[in-house]
Each structure stands twice: as C-alpha cells, then as structure tokens.
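Student: Hi! Got a few minutes to go through a model with me?
Tutor: Sure, put it up and ask away.

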Amino acid sequence: MNAYAAIPLDRHTLLKATGNSGKSSILNAPKFFWLPETTFGRAGRKFKLVDRQGDKGFYDGQPTHRFYFRHTETSYMILETENGHGRFCQILFPKQNLGYGRIFVEAPYSQIEDIFWLRDIGEHGKGEPNPSLSRNYLYTTLKERGIDYEVVVQEDRLKELLYTDSLLDREGRFSIFPLRNHDDSSLETLRVLIYAICGFKADSGEMASLFASIIESQKKEESDTLELDLDQILNERQQMAEEEASINNIEAFRSDIATLNELVTYVEGHARPACHDYQAIRSGITQEHTQLHGKVEREERQRATHEADENKARGEAAEARTNVSMVQGELKHLTSSMKTLQGIVKTGRKLMKEEFTGQEIDGDDGAIALLQDFSKEQAEKLDNLRDEEKRVEKLRLARRDKERLERQIVDAQGRIDSADRHLAEQLSPHAATVLRTISPKLATADKTGLESDFVLFEDLARLFKDNGQGELHLGNNRFAVMTGGFDLEAEQAKITDWQGELAGINKEIATLEEMEASDPEQRNRAIAECEREIAKAKADIEYLNEYKAAEKNLPSAESAVEEATARKAAFETAKDEALEKAEAQAHLKDEIATRKQVMVERQDKLDEFLDRLSLGANMPIIAALLDAYKGGTHKPRQNITEEQVTALAKTLGTCQQNIEQMKTLVTKLVNEDIISDPEKVVFQTGATHRDVMSLASQAIEKLEQLGSRREALRDQKHTHKSMIGMKMQELRHNAKLVSDFEADINRMFKDLHINNLEGVQVKIGMNKVFEDLVAQIDRTDLHGEAEISANFYDQLTTFIGEFFDHGEVKQITMARILKTVSFITKKPGQEWTETGQSNSTVSLISIALLQQMMRQMMNPDIPTRIPLAVDELSHIDESEFDWFLANLEQDGYRLFSAATNNISAYTQQAIGSECCIDELKASKMYSKGVDGLFFHWEGLMEVDVEVEHEQ
C-alpha cells in the first residue's frame with residue numbers, strides 16, 4: 001500500500017515485490033486512463049479486474065473504488081504521456097457514488113509533481129506529503145502557474161480526446177491511441193484489446209475469452225439473442241393438433257348450424273322488438289292524439305315571432321359588413337408600413353450588435369461617423385492602388401449613366417405625350433384632389449376606357465370632406481392632401497438638362513474607350529478587397545440612416561395598426577353575431593312549418609290504428625311472447641304507420657314456428673357433442689324459448705369462429721416454424737462469425753514472423769452441442785411447407801438442455817460458444833504440429849497476435865509506444881526472451897511485467913530495469929498505515945510515463 005509511487009512505462013519494466021503487494025493492481029491501472037469511463041459502477045464488466053479468490057470472477061465497483069482511491073482529497077492516479085504535441089498528464093481522482101473524475105493537464109509531470117509530493121524535503125531524502133493537497137489547491141495551483149487543463153466528465157468527450165488520430169489539430173494534444181476508425185465497433189474492439197494488454201495470459205481459456213469478446217464487439221446488431229422454451233414449443237404442437245380435430249368436427253355439422261343461425265337471427269331480430277312495438281304503439285297513439293291539437297296553435301304563434309327576429313338580424317349584419325370593408329383597406333396599408341419599419345429596425349439592431357459591440361461610439365451617429373472614416377480610408381487606399389483601373393471603372397459608370405439618362409428622357413417624353421389623357425384631369429377639382437391623395441398612380445392613369453366610370457369617381461370623392469387645413473376626412477380617418485397636377489414646363493426643362501448631361505457623358509465615353517487597363521494579379525486582388533470594404537461600409541451607412549428613421553416612426557405605426565385591428569375585430573364580431581342570430585331564427589321558422597303540417601295529417605290516421613291492434617293478440621304464441629316481454633318501460637311509439645300494424649301480427653306468428661324448429665336442431669347438436677348442455681335443459685318439457693336461444697347461440701358462435709380459427713391455426717403453424725427458423729438463423733450467424741474470425745486470424749498469421757517458426761495457424765473450438773445443432777439446421781428446411789423432422793426437435797432439445805433451463809431466456813454470447821483455442825505450428829523442414837496449451841511458444845504466438853490486432857486498430861502513419869502487461873513471465877522460455885523483447889520493441893511495445901523476488905537473474909538482466917515497489921517506507925504519509933514508497937528515478941533514467949497511486 002503506497003503513500004507515493006512513480007512507475008516507468010517507457011521501457012521494459014519489471015515490478016518486484018512480495019506476494020499480495022499490489023503488483024497486479026498496478027498492471028491493471030492503465031485501464032482507468034485508457035478507457036473512456038467515469039465511474040466504477042459495474043466495474044466487473046467495464047474493467048475486468050480479476051478476483052482470483054471471489055465467486056464472481058471480477059471485482060465489483062465498491063472494493064475497486066475503495067482500493068484505488070482511499071481518500072477523497074489525497075488519492076490520485078496520474079499518467080504522463082507524450083505525443084506529437086509534447087507531454088501531458090491525466091489526473092484521476094475519486095468522486096461520490098463510485099465515480100472518478102479526470103483532468104487533462106497540458107504539462108509534463110515534473111512541473112506539477114510538488115503539488116502531490118514534496119520530494120526535496122523530509123528525512124533521508126524520501127520526501128513527504130504536501131499538506132495543502134486538495135482538489136481546490138490543485139486547480140488553484142494550475143491556474144497560478146499558467147498551465148492549461150481540461151476537466152472532462154462526458155464519455156463522448158473522452159473518446160474524442162483519447163482516440164483521435166488528428167494530431168495536427170489542437171484536439172489531438174491529449175491523444176493516446178490514434179485509432180484509424182472511430183465507430184462503436186472499433187471502440188469496443190479496442191476495449192477488449194486493452195483488457196488483454198493489461199495483464200495478458202496465454203492459456204487456451206484466456207485466448208478463447210479474448211476471441212469471444214472481440215467477435216462480440218464486432219457484431220453489427222446490439223445483441224444476438226436466442227429465446228427458446230422447449231416446453232412451449234412442444235405444447236404448441238399438441239395444442240395445434242387438438243385445435244385441428246375440433247375444427248373438423250364442427251365443419252361436419254355446418255349445414256345444421258347454418259339453418260339454426262337463420263332461425264335465431266329471425267327470432268332475435270323480431271320477437272322482442274315486435275312485443276315492445278305492440279306496447280309502444282298503443283301508448284304512442286293515445287299520447288300523441290292528446291298533444292297534437294294544442295301544439296298546432298302554439299307552433300303558428302312561434303313561427304311569426306322568429307320571422308320578425310330574422311329580418312331584424314339580417315339588417316344589422318349588412319351594416320356591420322360595410323364597416324368591415326372600410327376598415328380592411330386602411331389596416332392593410334398600415335400593416336405593410338409597420339412590417340417594413342420592423343424589418344429595418346431588426347436588421348439595424350443586428351448590424352449595431354455585430355459590427356460595433358465593444359467599441360466606444362456615440363450611438364447611431366457615432367457608428368455612421370466611424371463607417372464614413374473607414375470608407376474614406378479605403379477610398380484613399382484604392383486610389384493609390386489603381387490608375388488604369390480607375391479609367392475602366394469611369395467608363396463603366398459613364399455607360400451606366402448614359403443608359404439611365406436615355407431612359408429618363410424617353411420616360412419624360414412619354415409623360416408629356418400622355419398628359420392630356422390623365423384620369424385626374426377629367427374630374428372635378430375636389431375629385432382630382434381625392435384621387436391624387438388616395439392613389440397617385442391611379443390619378444395619372446390613362447383615361448381611355450374609363451369615361452363611363454367618371455361618375456363613380458365623383459361619387460367616391462363626395463365621401464371625403466376637406467377641412468381646409470390640408471386634410472381629407474373619411475369618418476374617423478384623416479389623409480394628408482396630395483395637391484398638384486402634371487407640370488408640362490417642368491418636364492420639358494428636365495429633358496433639356498438631361499440632354500446636355502448626356503452630351504458630356506458621350507464625350508467622356510469616347511475618350512475613355514481609347515484607354516486600356518492592364519494590372520498585375522496581386523494589385524487586382526487588393527483593389528477588389530478595397531472595393532468590397534467601401535461597398536459594405538456604404539451599405540451599412542445607408543441602412544443605419546434608414547434604421548434611425550424607422551426606430552423613430554415604429555411606435556406610432558404599431559399603435560395605428562393595433563387601433564385599426566381592434567376596430568375591424570369589433571365590426572367582424574358584430575357581423576358574425578348578427579348573421580348567426582338570423583340563421584338561427586330562419587332555421588327555427590322552417591322547423592315549425594314542417595312540424596305543423598305533419599301534425600295535421602297525423603290526426604286523421606291515429607283513430608284508425610287503435611281498432612286494429614287487438615286482432616293479433618288473440619294468437620297463443622303472440623300472447624305468450626307479449627307476456628314474456630311485457631316488463632320494463634317502453635317509450636310511446638311515434639309516427640305509427642298502417643304497414644307497421646299489419647306486419648306486427650305476421651312477425652309474431654313466424655317467431656312461434658321458428659322456435660319449435662330451433663328446439664329440434666339444438667337437441668341434435670347436444671347429442672353430437674357439438675355444444676354442451678350439462679343441465680339437459682333441452683330435453684325438459686318446460687324448456688323456454690330463452691333456453692333454446694342460449695344453446696343455439698353457442699353453436700352459431702362456434703361456426704362463426706371456424707374461419708378465424710382455421711386462419712389462426714395456419715398462422716400459428718407458420719409463426720411456430722418462422723420463429724424457429726429465425727432463431728436457428730441467429731445460431732448460423734454466430735457460427736459464421738466464429739469461422740470468419742478464424743479465417744481473419746489465419747490471414748494475419750501469414751504476415752507474422754515468430755522466432756523460429758515457419759508458419760502458424762489458429763483453430764477455434766466451439767461447443768460440441770452447438771456445432772451439432774448448426775449441422776442439423778443446415779440439413780433442415782425451415783422455410784418451406786414441409787413439417788420439421790423429429791430429429792431436429794431431438795437435437796434442439798439437447799441444445800436447450802446444454803445452454804438453457806426450461807422457461808428461461810438467456811443471451812447467447814461468444815463466451816458460451818467458444819471453448820478452446822489451439823495453435824498449429826510449422827518449423828523449417830518439419831511437419832505441422834499442434835502446440836501445447838500453455839508452453840512458451842503459445843505465449844509468443846499469442847502476444848504477437850495481440851500486437852498485430854492492436855496495430856490494425858491504429859493509424860499506421862502515427863508511431864506508438866504502448867506498455868504491454870504480462871503477469872506471468874514464467875510462461876516464456878529464457879531461450880526465447882531476447883527475441884521476445886526485440887519483437888516488442890520493433891512493434892512499439894514495452895514489456896510491463898510483475899514478479900515476486902525469486903524471479904531469475906537472467907530475466908531481470910534481459911528486461912534491464914526493475915522496480916522494487918515494497919522496499920522503501922515513508923516517515924510521513926497521507927493516511928496511517930499507507931507508507932509504501934517507490935521513485936522511478938531511484939537508479940533509473942528519467943521516464944515519460946508515471947502512475948501515481950495513493951492508498
């Protein structure tokens with residue numbers, strides 16, 4: 001248990017100590033830095049720290065967290081790493097709820113070591129704890145020293161930092177594993193390989209577990225599960241056979257049941273309703289006769305009232321509609337103006353925020369002045385950059401001005417030619433003033449074709465009142481008067497001025513066209529840049545001026561829109577309410593007229609029906625049915641017809657005949673066990689029609705379900721076979737994953753040179769029961785119409801007994817399928833032979849394979865040096881040790897191993913450095929009893945990577 005320990009990882013390193021001193025814990029420590037985790041929750045699955053004495057196989061979160069982080073403020077682990085950006089440190093510290101935090105520090109460990117351990121003070125030069133050490137002290141000290149750091153709490157961010165291969169970017173400053181691919185499958189494969197390089201053991205079980213984990217991580221689906229219950233499958237088969245026999249038995253009596261169904265349908269549809277009709281008709285005739293006379297008189301009085309109310313409401317709606325139309329035009333104009341102002345203000349505020357944030361300026365005017373000064377500077381710069389370019393630009397501008405002047409002259413001449421045809425000139429002075437005020441464009445429209453409408457414009461003008469103060473009034477609305485007509489002399493003067501200006505421009509164009517402009521490419525780019533800056537400044541100045549005016553006018557525009565909107569809403573509400581009232585009154589009036597006519601005609605029929613109702617009640621079956629269904633309250637029948645009364649007696653007689661025939665058929669079906677009658681009701685003389693109907697319904701229901709039962713049976717058979725086929729396909733898929741992976745490994749071995757071996761091949765052994773079932777699947781048609789053979793079910797039973805308990809659903813993983821991994825090797829001049837399960841050659845093969853798999857994960861353009869932990873060096877023969885270490889170095893690996901003090905001297909000499917981690921003790925420590933010390937500089941060279949561990 002160490003108060004402070006610094007372990008080198010940039011060279012071959014051997015950890016020496018007595019048993020149970022924490023060697024394996026140190027070998028496992030890099031996992032916490034290399035994996036993108038933030039908590040020890042489910043530590044067995046995340047870190048796979050082997051518990052050789054426990055029942056679970058791996059240490060769980062609580063003891064792991066407590067072991068590596070004894071105290072909240074003084075327990076840290078630090079990994080120093082060097083990449084293309086230089087050296088940096090990862091600092092791990094404990095958090096609540098089994099969590100741990102991570103700080104990436106952009107500095108070598110030598111610059112921050114004194115934060116954790118004061119090496120130069122204390123007795124015997126061992127140093128002592130820093131009494132100020134805490135999380136706040138760590139952050140404060142890093143800031144005071146100007147050291148950049150990043151605290152990372154998100155796993156996605158950890159993946160970006162740890163595994164990026166973009167080392168030229170700043171994001172790569174904390175990269176440890178520069179992966180060539182960053183998809184989920186690649187990251188899971190890397191996780192498995194990290195488990196392996198932190199304490200690798202080359203026995204068959206370990207290799208099988210490694211291969212299983214890698215294959216599992218590369219599956220395209222999240223999980224491959226096989227949900228099978230043998231009892232359920234067999235029960236389904238038995239149930240399907242019983243169901244098929246029952247269906248066939250019912251089918252044999254289809255004709256009798258169909259006849260029974262017709263009889264039942266008639267009785268159910270007619271007996272009860274007919275009895276209820278009898279009572280309802282009698283009650284209805286009496287009640288209706290009494291009510292009709294008074295209703296006729298009341299309905300007529302109500303109709304006259306509704307008609308008067310309707311006429312009044314329609315007059316109110318017409319008035320409200322006129323008011324809505326008047327306000328609508330005003331609101332459209334006001335809304336358009338307001339939205340224009342809002343757009344200018346929004347863009348202006350955005351411009352002020354984007355362009356002038358942080359600058360000391362005096363409001364909008366200050367911003368405009370600043371832009372004007374900037375534009376002037378750019379203009380002076382532009383003049384210095386160009387000579388020929390200025391002439392080219394002048395020529396372009398002169399041509400543009402020429403086109404503009406020519407268009408203006410043509411437009412002005414057109415206005416002169418059409419002046420006597422303007423619409424306003426044909427109206428009275430007052431009407432002309434109104435037209436110019438509300439629509440200047442319409443005032444100058446050609447009168448042709450509008451002569452017949454002059455009187456309409458005069459009538460429109462009369463709605464506007466001139467207050468003599470430059471305003472026109474329309475109701476509550478006011479409009480500023482637009483005066484003046486067409487000025488012929490002014491138009492002719494403009495044409496004269498433009499013609500003189502056009503002559504000067506033509507002369508300038510002739511001069512400029514004789515010149516040529518040719519500038520170097522660099523000057524052209526500079527000129528273009530100045531032009532863009534000047535144009536932008538000019539546009540911004542123009543927009544800021546518009547913004548000032550818009551911001552001033554916007555409140556009044558918004559207020560006007562709000563007021564007009566409110567008036568329009570009030571008028572529309574009044575209109576809708578009036579129309580709704582009118583429609584309601586009209587509807588009520590029409591209903592009354594219809595009801596009155598029906599009542600008059602109805603009075604003549606009611607007396608006739610009363611005399612006929614008693615005739616049908618004299619039949620015995622009718623009397624019995626009427627007595628059976630006499631209970632309850634029946635609402636009096638309305639609108640009784642002659643056909644109803646006649647049909648009632650006929651219906652009740654037919655019901656009597658059908659009930660007798662139903663009893664005969666039901667007795668037959670009971671005797672044939674198609675339906676059940678445990679009380680033998682049908683054989684009793686006192687059986688009622690309700691008893692017969694109940695038994696008949698039982699038979700009919702079974703017949704009706706026959707089709708769906710057949711379809712369900714077919715579906716069940718298909719589903720049964722499809723489910724088995726789907727699950728068996730998953731087994732095939734798992735078997736193929738194993739064979740594909742074995743082929744990939746053997747292709748990989750073709751490129752590997754391992755000591756004195758000429759060739760190496762791997763053979764992955766699967767569970768025998770699994771292999772036998774896969775072979776049976778290949779021989780069975782699981783998708784056609786043929787029945788599945790008994791041999792298949794026998795093999796499936798054996799498989800489920802091996803992999804599952806009955807009724808249990810488990811996940812089939814590669815760890816349960818893969819059982820063994822063996823190697824076949826060939827030496828020069830010898831035959832291929834299978835290598836033993838745990839000899840030195842297997843260790844060399846396994847480690848070389850692990851190196852190759854790691855190399856395939858990395859970006860090949862970025863060299864790496866990675867410590868590879870081997871916990872049991874004794875598996876490697878001393879005669880192969882020199883080749884083993886040289887091969888590690890060639891592939892960018894450094895041996896990181898552990899052993900007790902009785903390790904051989906040859907091994908120690910070959911490794912070249914050892915760390916005796918239990919020899920020094922601290923006189924002062926962070927916590928009592930945790931006094932172990934190890935310094936990487938004790939007899940060793942300076943190293944790149946350290947693991948700090950306080951318990």
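Student: Which residues does Phe211 touch?
Tutor: Not counting residues up to four places away in sequence, Phe211 touches Phe741, Val762, Ile764, Leu818, Val821 and Leu849; contact means heavy atoms within 4.5 Å. This is a predicted model, where local features need pLDDT of at least 70 and side-chain atom pairs count only at pLDDT 80 or more, while totals for chains, interfaces and linings use all residues. Residues are numbered from 1 along each chain as its sequence is written, and side-chain values use heavy atoms, with hydrogens and water left out.

Student: And which residues touch the most other members of the largest nonpolar core?
Tutor: Trp34, Phe177, Phe211, Phe749 and Phe799, out of 118 residues in that core. A nonpolar core is a set of buried (under 20% relative accessible area, 1.4 Å probe, protein chains only) Ala, Val, Leu, Ile, Met, Phe, Trp, Tyr and Cys residues joined through side-chain atoms within 4.5 Å. Another core, of 46 residues, lies apart from it and includes Met240 and Leu706.

Student: Switching topic: how many disulfides are there?
Tutor: The structure holds 0 disulfides, a disulfide being a pair of cysteine sulfur atoms within 2.5 Å.

Student: What about Cys275, where's its nearest cysteine sulfur?
Tutor: In Cys655, 7.8 Å away, and Cys275 is in no disulfide. Cys275 counts as buried because its relative accessibility is 0%.

Student: Why is there no bond between Cys915 and Cys916?
Tutor: Because the sulfur of Cys915 is 7.8 Å from that of Cys916, its closest cysteine sulfur, which is too far for a bond. Cys915 counts as buried too, at 0% relative accessibility.

Technical notes
Buried means under 20% relative accessible area, exposed over 50%, partly exposed in between (1.4 Å probe, protein chains only).
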